[in-house]
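Please walk through this protein model helix by helix, with attention to what is buried and what packs against what.

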Amino acid sequence: MACASSGCQTGCCKDEEVKEPIVTLPTNNQNHPNICIKCKSNNGAVACDGGQFCSDCFRNSLYGKFKLAVSSHGMISPSDNILVAFSGGPSSRVALQFVHDMQQKAQKNLDASGDRSLPVFTVGVAFVDEAAISSVSCQEVEQVIQDLQVIVSSLAPPKKELHIAKIENLFFTNSDEGRDRLRELLNSVGDLTGKEDLVLHLRMLFLQKIASENGYSKLVLGSCTSRVACHVISATVKGQGYSLPADIQYVDARSDIPVVFPLRDCLRQELVTLCCIKWFIFSALKF
């Protein structure tokens, strides 16, 4: 599915298939022992940046990038209500996991200190079903939604509210009417690029609507370095360079609900590798 599919200038709702050779599986040879260069004790599971890392050190390296982006740019504060835009793809899957890990650590610190003056931020998850305007079958979407429900329910407390919305309900409560009007709108756009930009705009409007109606203060998207690079090229070709600096910053405050990108310094292939070695469930479905 396209953590979004952003997924996404959203990066969250649509993961582009971008391949970077930087992350590869290690090979054993006598000149380069298969030992993690960080902990010096575990066997290396991933080759990255010229060295081999065990699965835990590799995960901690990516989490360090995430945490640095969050703290350096004030993305998440204790009083925030955070909505993670989730598609099931590897980028949004890792974004959800890291936000959850950060929340769980804050909760443990709160329980240990007994000081209730500092709250722990709350987390919700949003999924926008775009099957009405795509070639994806209803059965595939239902499977993704089931996987999503399993993922969210399997996360340790604090509990996270899950919001599942059909894109045809953005402006219409009647799904049939909304689907027909939405398809009519898309058919009025002559070129494929224009349709993709329109769908992206509608998706972001819906995520903003979900966040606003449910009292969330920040919207987290799983856009990574690879996705940002694709957007830079696309926006340059389309002559949208004027808005490009605002599009690729860590925090986009142009909307009513600020949008944050804590994985902006991670490569997509790194996120895919992390999902594989840590057995994080994600979907390859593309809207």
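The paragraphs below take the helices in turn and then turn to two loop positions.

This is a predicted model, in which local features need pLDDT of at least 70, side-chain atom pairs count only at pLDDT 80 or more, and totals for chains, interfaces and linings use all residues. Residues are numbered from 1 along each chain as its sequence is written, and side-chain values use heavy atoms, with hydrogens and water left out.

Helices and strands here are DSSP runs (H or I of at least four residues for helices, E of at least two for strands), numbered from the N terminus. Helix α1 covers residues 55–72. Its 18 residues reach 26 Å from the first C-alpha to the last, close to the 26 Å expected at 1.5 Å a residue; the expected span is 1.5 Å times one less than the number of residues. Buried means under 20% relative accessible area, exposed over 50%, and partly exposed in between, with a 1.4 Å probe and protein chains only. The buried residues of α1 are Cys 57, Phe 58, Arg 59, Leu 62, Tyr 63, Phe 66, Ala 69 and Val 70. Their cover includes the strands β2 (46–48) and β3 (51–53) and the helices α2 (90–113) and α8 (268–277). After α1 comes Gly 74, with a positive phi near 55°.

How do α1 and α2 pack, and at what angle? Their axes are 11 Å apart and the angle is about 75°, which makes α1 roughly perpendicular to α2. Axes are lines fitted to C-alpha atoms, for helices over the stretch in contact, and angles run from 0 to 180 degrees between N-to-C directions. Angles under 35 degrees count as roughly parallel, over 145 as roughly antiparallel, 65 to 115 as roughly perpendicular and the rest as oblique. On the α1 side the contact (heavy atoms within 4.5 Å) is made by Arg 59, Leu 62, Tyr 63, Phe 66, Lys 67 and Val 70, and on the α2 side by Phe 98, Val 99, Asp 101 and Met 102. By class, these residues divide into 7 nonpolar, no polar and 3 charged. Ala, Val, Leu, Ile, Met, Phe, Trp, Tyr, Cys and Pro count as nonpolar, Asp, Glu, Lys and Arg as charged, and the others, Gly among them, as polar.

Two residues of α2 show what surrounds this helix. Val 99 is buried, with a relative accessible area of 0%. Leaving out residues up to four places away in sequence, Val 99 touches Phe 66, Val 84, Phe 121, Val 123 and Val 220. Gln 103, also placed in α2, is buried at a relative accessible area of 1%. A polar atom of the Gln 103 side chain lies 3.1 Å from the backbone oxygen of Phe 121. With the same exclusion of residues up to four places away, Gln 103 touches Val 120, Phe 121, Thr 122, Val 123, Pro 158 and Lys 160.

Helix α8 also helps to cover the buried residues of α1. Of its 10 residues 7 are buried, so α8 is largely enclosed by the rest of the structure. One of them is Glu 270, which counts as buried at 2% relative accessibility. The side chain of Glu 270 reaches the backbone nitrogen of Leu 267 at 3.0 Å. The C-alpha atoms of Glu 270 and Arg 59 are separated by 9.4 Å, although the two are 211 residues apart along the chain.

A second helix pair is formed by α4 (residues 175–187) and α5 (residues 192–213), whose axes come within 10 Å and cross at roughly 140°. That makes α4 oblique to α5. Here Leu 182, Leu 185, Leu 186 and Asn 187 of α4 meet Lys 195, Leu 198, Val 199 and Leu 202 of α5. This contact has 6 nonpolar, 1 polar and 1 charged residues. The cover over the buried residues of α5 includes α4 and the strands β4 (81–85), β5 (122–129), β6, β7 (218–220) and β9 (259–260). Just after α5, Gly 215 takes a positive phi of about 75°.

Two loop positions remain. Pro 158, in the loop between α3 (138–154) and β6 (161–166), is joined to Pro 157 by a cis peptide bond with omega about 5°. Lys 40 lies in the loop between β1 (23–24) and β2. Lys 40 has a positive phi of about 65° although it is not a glycine, and is exposed, with a relative accessible area of 60%.

How values were computed:
A polar contact is a pair of N or O atoms within 3.5 Å; within protein, one must be able to donate a hydrogen and the other to accept it, and residues adjacent in sequence count only if both atoms are side-chain atoms.
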